[in-house]
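Here is a walk through one protein model, going from single residues out to the whole fold. Keep the structure open and click along as you read.

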Amino acid sequence: MKNKFILINVILIAIISISTVSLGFDIDIEMDKTENLKVGDEVILTINFSEKIVGASFKINYDTNSLKLLDKETKNLYVSENNRQVACVYIDMEDIGTDTIKVKFKVLNVDKTELNFSLEEAKFITLGDENSYSGSEINGINKTITIEKASDDNNIGDNTNNDQNNNSNNNTGNISNNSTSNKNNNINNKDNSTLNTYLPKTGTSNIIFVFIGVTILSVIYFGIRLRIISKC
């Protein structure tokens with residue numbers, strides 16, 4: 001009887017131990033755009049969970065030379081950048097849960113062909129049974145994603161468009177400058193014509209008339225002087 005009681009206790013302890021042991025928690029990290037990437041593109045990093053969670057805290061390690069944190073894309077998620085990591089905290093007070101967490105980044109550099117992501121200090125609480133997972137209980141916390149930058153043809157097209165825009169701007173600027181120059185010339189011409197209206201003309205014919213006038217006055221003057229002398 002005593003042996004039977006001990007056996008039952010051992011079985012109960014084993015069942016309780018098994019029920020409290022976590023069987024593991026799986027995650028998968030992916031990026032919504034991996035091809036034809038250009039500097040300035042916005043990409044979404046998604047972390048998928050094998051179960052819905054109601055609480056989480058973790059840090060995302062990523063290449064800060066290639067990506068820049070923009071914002072969260074998941075409700076009840078709070079993100080901030082600290083020491084070249086993205087610190088994430090997820091709290092669901094409505095007890096609905098989520099099986100994905102999304103964070104938005106901006107592409108800074110496309111020289112690399114691979115981007116490495118990993119989670120650090122990760123802790124998750126699942127919906128329903130509210131199991132908690134951390135450390136080695138979490139599978140898939142490291143992920144390498146292969147990326148491909150946009151082809152040179154696209155870059156040539158962009159450069160051609162830029163050249164066309166520059167030429168258009170230059171032509172517009174030249175037209176504007178020519179128009180301004182013409183306006184200035186017209187204003188100068190008007191000013192000159194106005195000045196000429198009030199200034200005396202100094203042509204050859206005017207000089208002749210002046211010479212004749214001076215000659216006539218001289219003749220009259222000397223004629224009067226001669227009459228005075230003759231009377232004396």
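Start with N48, whose contacts beyond four places in sequence are D26, I27, D28, E30, D99 and T100. N48 itself sits in strand β2. With one of those partners, E30, the N48 side chain makes a polar contact of 3.3 Å. T100 is worth a click too: 52 residues separate N48 and T100 along the chain, yet their C-alpha atoms are 4.6 Å apart. Bear in mind that this is a predicted model, so everything here is computed from predicted coordinates.

Now step back for the overall layout. The protein has 3 helices and 10 strands. Reading from the N terminus, the order is α-β-β-β-β-β-β-β-β-β-β-α-α. Take contacts between residues at least 6 apart in sequence: 75% of them join residues at least 24 apart. As for burial, 22% of the 232 residues count as buried. The accessible surface comes to about 16,600 Å², with 53% of that belonging to carbon and sulfur atoms.

Next, the aromatics. There are 6 aromatic pairs in the count. In one of them, F25 and F49 have ring centres 5.9 Å apart and planes at 25°, so they count as stacked. F25 belongs to strand β1 (residues 25–31) and F49 to strand β2, so this pair ties together parts 24 residues apart in sequence. Are these two rings buried or exposed? F25 is buried, at 0% relative accessible area, and F49 is buried as well, at 8%. F49 also pairs with F124, this time in a tilted arrangement, with 5.1 Å from centre to centre and 55° between the planes. Since F124 lies in strand β7 (residues 114–126) and F49 in strand β2, the pair ties together parts that are 75 residues apart in sequence. F124 is buried, just like F49. Zoom out a little and you'll find F25, F49, F58, F124 and Y133 forming one aromatic cluster.

On to the charged pairs. A search of the whole structure turns up 7 salt bridges. One of them joins K33 to D41, with the closest N and O atoms 3.1 Å apart. Here K33 is partly exposed at 29% relative accessibility, while D41 is buried at 14%. Another joins K112 and D63, and there the closest N and O atoms are 2.8 Å apart. This one links distant parts of the chain: K112 is in the loop between β6 (98–107) and β7, D63 is in the loop between β2 and β3, and the two are 49 residues apart. K112 is partly exposed, with a relative accessible area of 44%, whereas D63 counts as buried at 14%.

A third bridge to look at runs from E73 to K104, whose closest N and O atoms are 3.5 Å apart. E73 is in the loop between β3 and β4 and K104 is in strand β6, so the bridge ties together parts 31 residues apart in sequence. E73 is partly exposed, at 42% relative accessible area. Through shared partners, salt bridges join E42, E73 and K104 into one network.

Go back to the loop between β2 (42–61) and β3 (67–72), because T64 lies there, and because its relative accessibility is 14%, T64 counts as buried. A polar contact of 2.4 Å joins the side chains of T64 and R84. Leaving out residues up to four places away in sequence, T64 touches E81, R84 and L108.

Finally, have a look at the outside. Y78, V89, I91 and M93 make up a nonpolar surface patch, with about 440 Å² of accessible area together. Y78 comes from strand β4 (residues 77–82) and counts as exposed, at 51% relative accessibility. In the loop between β4 and β5 (85–91) you'll find N83, which has a positive phi of about 55° although it is not a glycine. N83 is exposed, at 66% relative accessibility. E130, in the loop between β7 and β8 (132–134), also has a positive phi of about 55° without being a glycine. E130 is exposed too, with a relative accessible area of 52%.

Note on methods:
Residues numbered from 1 in each chain as written. Predicted model: local features only at pLDDT ≥ 70, side-chain atom pairs only at ≥ 80, totals over all residues. Heavy atoms only, no water. Helix = DSSP H or I, 4+ residues; strand = E, 2+ residues; numbered from the N terminus. Buried < 20%, exposed > 50% of the residue type's maximum accessible area, 1.4 Å probe, protein only. Polar contact = N/O pair within 3.5 Å; in protein donor to acceptor, adjacent residues only side chain to side chain. Contact = heavy atoms within 4.5 Å. Patch = residues over 30% accessible without salt bridge, like charges linked within 9 Å, V, L, I, M, F, W, Y side chains within 5 Å. Areas by Shrake-Rupley, 256 points an atom, 1.4 Å probe, with all protein chains shown as cover. Salt bridge = Lys/Arg side-chain N within 4 Å of Asp/Glu carboxyl O. Phe/Tyr/Trp six-rings, centres within 6.5 Å; stacked < 30°, edge-to-face > 60°.
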